2 protein chains.
Amino acid sequence: MKWDALEEEPCSLARTVAVIGDRWSLLILRECFLRIRRFDDFQASLGITRHLLADRLKKLVRFGVLRKIPYQEAPKRYEYILTQKGLDLYPIIMSIVHWGNIHMVDARGRPLLHEHKSCGKMFDPVMVCSECGEPLSAKHVHVHPGPGARRSSPLHASARERTKRNAEQA
Amino acid sequence: MKWDALEEEPCSLARTVAVIGDRWSLLILRECFLRIRRFDDFQASLGITRHLLADRLKKLVRFGVLRKIPYQEAPKRYEYILTQKGLDLYPIIMSIVHWGNIHMVDARGRPLLHEHKSCGKMFDPVMVCSECGEPLSAKHVHVHPGPGARRSSPLHASARERTKRNAEQA
DNA sequence: ATTGACAGTTCTAAAATAGAACTTAAGGTC
DNA sequence: GACCTTAAGTTCTATTTTAGAACTGTCAAT
């Protein structure tokens, strides 16, 4: 599968993976949320090669996650700031950080703690149902095909059936 | 930066990216949550090359996200199921799907809808503060160094300062 | 006139990925 | 007993991506 094919998939996960699903994009976005904005600052704090950084920034701008804003004329220089679409990635970043906090920390403990300014306490993010407010778990969720589902919804046919169907078509 | 270096970073995001930060791992995990368990089924539904699939499954098992369970003897065959550590990835998957639903769907609409069995309604996931229950946004969160922070906390010194410091050291 | 900051671009070597064919092991079919 | 099928990989070559370092173009300050 080519990279571009991912964006076309009728799957919201695949399309998001097309934006953030590589080694560097999420790390760049982490820096954005920590208020890093400039090329050399990204490069210095991440140790990414300049080539890849230029490439990834271009991609994030193309997807509308970052925007280039001029901060000086002559020579014209830009900084990269999060758009609303980019700010909306916050729950993804936080859920990733939280999973790492629970499952990937070493004996020294968490690298970062998060304070919720609104209530003043150190917190963890919790994912809840928008309708009833209960915490979510996979087993209490049932998936239905939506209006944008692929005709014949292969995500709902079992892969086993699909394999057979493909074999018959061939 | 090498792949293995990521797991060693004192950053919960980087360490999680070491597990799920590539083109395929999240797609494989999506299939796991949709109850795909077997090699050929993953291969058929994703179109991933068999080589990469074998490699990624091995990696996910190594990280303790999937477990290999024998489902028949002679010839011995295994299926891959989510561990608790893997099930805990659910909020990450859901926040990614949700962002895609909001920002990446085409005119046809969402490919999938989610029903919360507990309350019977179609829902979206919402990330809230574990302490006060309010929805989270980046600007209401303040970051502190935790016990596992790098000495001299480079994530909190501005990259600009760091760049200077590095230059001085050289 | 030279040096330094900043934001890239260019180059070569190394690593990862795609795509297809091959392997191993057992069961069933003619 | 030769042959086909299922399942879960492994092996192979060609292509694409990434790493790492050096280079370019603008302008400001010394």
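The surface near DNA strand D is made up of twelve charged, nine nonpolar and two polar residues. This is a predicted model. Both protein chains, A and B, offer elements to that surface. The two chains are related as by a two-fold rotation axis.

**Surface near DNA strand D**
- Around DNA strand D there are 23 residues.
- Those that come nearest are Arg50(B), His51(B), Tyr71(B), Arg77(B) and Tyr80(B).
- Of the atoms of DNA strand D within 4 Å of the protein, 63% belong to sugar and phosphate.

**Polar side-chain atoms at the strand**
- Arg50(B) addresses a base: one of its polar side-chain atoms lies 2.8 Å from a base nitrogen of DNA strand D.
- Tyr80(B) addresses a phosphate: a polar side-chain atom lies 2.8 Å from a phosphate oxygen of DNA strand D.
- On chain A, Trp24(A) has a polar side-chain atom 3.3 Å from a phosphate oxygen of DNA strand D.

**Elements that supply the surface**
- Chain B gives two or more residues from each of α4 (39-46), α5 (50-62), β1 (66-72) and β2 (77-82).
- Chain A gives two or more residues from α5 (50-62).

**How the two chains relate**
- A turn of 180 degrees, with a shift of 0.0 Å along the axis, lays chain B on chain A.
- The RMSD of that fit is 0.0 Å.
- The two copies are thus related as by a two-fold rotation axis.
- The same surface serves both copies, as 100% of the contact residues of chain B recur in chain A.

Definitions and conventions:
Residues numbered from 1 in each chain as written. Chains lettered and ligands numbered in written order. Predicted model: local features only at pLDDT ≥ 70, side-chain atom pairs only at ≥ 80, totals over all residues. Heavy atoms only, no water. Least-squares fit on C-alpha atoms with pLDDT ≥ 70 in both. Contact = heavy atoms within 4.5 Å. Near = heavy atom within 4 Å. Polar contact = N/O pair within 3.5 Å; in protein donor to acceptor, adjacent residues only side chain to side chain. Helix = DSSP H or I, 4+ residues; strand = E, 2+ residues; numbered from the N terminus. Nonpolar A, V, L, I, M, F, W, Y, C, P; charged D, E, K, R; others polar.
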